[in-house]
Amino acid sequence: MATDVAEDDEARRQRELEEMMMRDEEEDGVDNEAVNRAAPPDNAMPPPQMHEPVMIQAAPSKKFSLSYVQCSFLAAIVLVWYTLRRSQEQWYLSLVFLSSSKFSYVVLGNAMVALHVWMFGWITRSLLGELRLMEREGLQDFFRWNVTETCLALTMFRSELNVGSACFFLTLILWKCVHWVSELREQHLRMTQEAIVVGWRGYPKVHPSHRKLFFLINV
């Protein structure tokens, strides 16, 4: 009797264990199916990705600008063209208008000043290169004191001034500025560079900067 009860208990435990194993297998199968449904197949195309719009920045455009010299020459050309058109291309009437109009005096005089400024820049760039900071400051001091005093002195003889004397004064200021810059450059080269250097095959030669400065001083 006791043996039958023990066998029934053992059979009941075995059935319960089998039922538990079956339930576990069923749960594992359900989980695997859910994973397979969630996971895309190997040959499936990936979902399209939303790319942010790329903002293409345009290259910064260069601003068109005119220098003082260019504006002065352009104003003088426009004035001459307007005068010829007004006088119906008669040179005599054009010259009379240019010599009698105060506005023409101002525009053409400003163009003459711009011409001397351009000549100074061309001479210094050709023979001295770029001006140093000390040379520019020295040129500003020269204009601040010497040129201003000279202009004030000329006001005493304003009744005797004419176009020829104004052109002569501008030419004098031009060469005085060139002389002033050459003197400052000579002091700089004398302290920083040797005048005689070794050239081709060991022969001595004059440094190109000193040659240009010597030519400018002699001119």
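This passage looks at how helix H4 packs against helices H2 and H6 in a predicted model. Local features need pLDDT of at least 70, side-chain atom pairs count only at pLDDT 80 or more, and totals for chains, interfaces and linings use all residues. Numbering starts from 1 along each chain as its sequence is written, and side-chain values use heavy atoms, with hydrogens and water left out.

Start with H2 (residues 68–86) and H4 (residues 102–127), helices here being DSSP runs of H or I, at least four residues, numbered from the N terminus. Their axes (lines fitted to C-alpha atoms over the stretch in contact) sit 8 Å apart, at an angle of about 140 degrees on a scale from 0 to 180 degrees between N-to-C directions. The pair is therefore oblique, the label left once angles under 35 degrees (roughly parallel), over 145 (roughly antiparallel) and 65 to 115 (roughly perpendicular) are taken out. The crossing is left-handed, meaning that the near helix is turned anticlockwise from the far one by less than a right angle. Contacts (heavy atoms within 4.5 Å) involve, among others, Phe-73 and Leu-79 in H2 and Leu-108 and Trp-118 in H4.

H4 also packs on H6 (residues 163–192), now at about 25 degrees with axes 10 Å apart. That makes these two helices roughly parallel, and H4 passes H6 in a right-handed crossing, clockwise in the sense used above. On the H4 side the contact includes Met-112, His-116 and Phe-120, and on the H6 side Leu-170, Thr-171 and Trp-175.
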